[in-house]
Amino acid sequence: MDRILIVEDEDLERNFLQSLIETKIDEECLVWSCATGTQAVELAEKHRPNILFLDILIPEKDGLTVLKEVRTFLPDANVVIISAFSYAQQAIDLKVFKYLLKPVKPREIEEVVRHVVGQQEKAAETSSKTPINDGCEETIGFVREAVRFIQKNFREKLTLEMVSAHVYMNPQYFSRVFKKRIGVSYTDYVNNLRIQHACKLLETSDFPSYRISNECGFNDPSYFNRVFFKQMKTTPNKYRKLSHRQFS
């Protein structure tokens with residue numbers, strides 16, 4: 001399933017792009033959109049899109065800054081720059097898939113998305129000839145079942161071996177195919193779920209940090225703190241204080 005992120009600060013333009021992609025593109029896909037550079041990086045880290053439509057002149061962080069940051073964790077994402085001005089050379093240096101100057105015609109958007117999807121389908125066909133044949137329905141099925149199992153049990157002690165055993169797969173093979181299908185490693189996927197749950201507990205409860213760590217499936221509070229800081233760019237205690245100020 002393709003995951004598409006649209007970054008555009010003009011409401012009409014952003015809504016137009018999202019509506020066009022959701023209604024005109026036949027392939028199944030998930031679409032997110034935002035208006036600022038900060039939101040763009042956060043959403044890209046969270047959802048791991050494989051296609052980005054990125055405006056250059058956006059608030060907080062400009063598009064090229066966003067692209068540089070995104071490239072550190074999504075080096076293979078297909079990025080389409082949309083701008084009223086030419087930043088072509090910088091875009092080329094950052095491995096942009098396509099550069100479109102505003103105003104963009106609907107046909108151009110459709111062609112770009114279909115081209116990217118077509119390339120990815122060809123890549124999937126090629127990869128199906130390798131030992132990891134994750135293009136078949138059986139492989140998709142066991143990944144979906146693994147995701148359901150993880151989402152149900154992530155608050156408990158849950159190892160890679162336990163999940164791979166649940167779907168009757170070799171742990172090493174499961175790990176490779178899971179990352180290829182989902183876009184992030186097994187560990188990162190589980191930690192993302194746990195940190196999302198931790199944020200909810202920090203916002204809605206008075207539990208101390210060590211209890212929240214345990215409630216979210218982390219056996220080591222110090223490891224919980226490190227993972228939380230890596231994802232949220234702040235500590236659990238500071239996040240709680242900030243969230244309480246926002247909702248007070």
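Helices here are DSSP runs of H or I with at least four residues, and strands are runs of E with at least two, both numbered from the N terminus. With that in hand, welcome to a tour of this predicted model, in which local features need pLDDT of at least 70 and side-chain atom pairs count only at pLDDT 80 or more, while totals for chains, interfaces and linings use all residues. Residues are numbered from 1 along each chain as its sequence is written, and side-chain values use heavy atoms, with hydrogens and water left out.

**The chain as a whole**

The protein chain holds 12 helices and five strands. Of its 248 residues, 43% are buried, where buried means under 20% relative accessible area, exposed means over 50%, and partly exposed lies in between (1.4 Å probe, protein chains only). A contact here means heavy atoms within 4.5 Å. Among contacts between residues at least 6 apart in sequence, 62% join residues at least 24 apart.

**The second largest pocket**

A pocket is an open set of points on a 1 Å grid over the protein atoms alone, with protein on both sides within 12 Å along at least five of seven lines; a cavity is a set where a 1.4 Å probe fits but cannot get out, and lining residues have an atom within 4 Å of a point. Grid points are joined across faces, edges and corners, and the volume is the space filled by probe spheres set on them. For the second largest pocket that volume is about 1,100 Å³. Its lining has 35 residues, and Glu-42, Glu-45, Lys-230, Gln-231 and Met-232 lie nearest the centre. Two or more lining residues come from each of α2 (37-47), α3 (63-73), α9 (186-204), α11 (221-232) and α12 (236-247). Which element gives the largest share of the lining? That is α9, with nine residues. By class, the lining has 12 nonpolar, 10 polar and 13 charged residues.

**Two buried residues**

Ile-4 sits in strand β1 (residues 2-7), and Ser-205 in the loop between α9 and α10 (209-215). Ile-4 counts as buried because its relative accessibility is 1%; Ser-205 also counts as buried, at 11%. Beyond neighbours within four places in sequence, Ile-4 is in contact with a set of residues including Ile-21, Trp-32, Phe-53 and Val-113. With those neighbours left aside, Ser-205 is in contact with Ile-212 and Arg-240. The C-alpha atoms of Ile-4 and Asn-78 are 9.6 Å apart, with their places 74 residues apart in sequence, and those of Ser-205 and Arg-240 are separated by 9.5 Å at 35 residues apart along the chain.

**Helix α8**

Helix α8 (residues 171-182) has 12 residues and reaches 16 Å from its first C-alpha to its last, close to the 16 Å expected at 1.5 Å a residue. The expected span is 1.5 Å times one less than the number of residues. Its buried residues include Tyr-173, Phe-174, Val-177 and Phe-178. They cover an arc of only 125° around the axis, so they lie on the same side of α8; the arc is that of the directions from the helix axis to the C-beta atoms.

**Positive phi in two loops**

Glu-60 and Lys-233 each have a positive phi without being glycine.

| Residue | Loop | Phi | Relative accessible area |
|---|---|---|---|
| Glu-60 | between β3 (51-55) and α3 | near 75° | 60%, exposed |
| Lys-233 | between α11 and α12 | about 60° | 55%, exposed |

Note on methods
Ala, Val, Leu, Ile, Met, Phe, Trp, Tyr, Cys and Pro count as nonpolar, Asp, Glu, Lys and Arg as charged, and the others, Gly among them, as polar.
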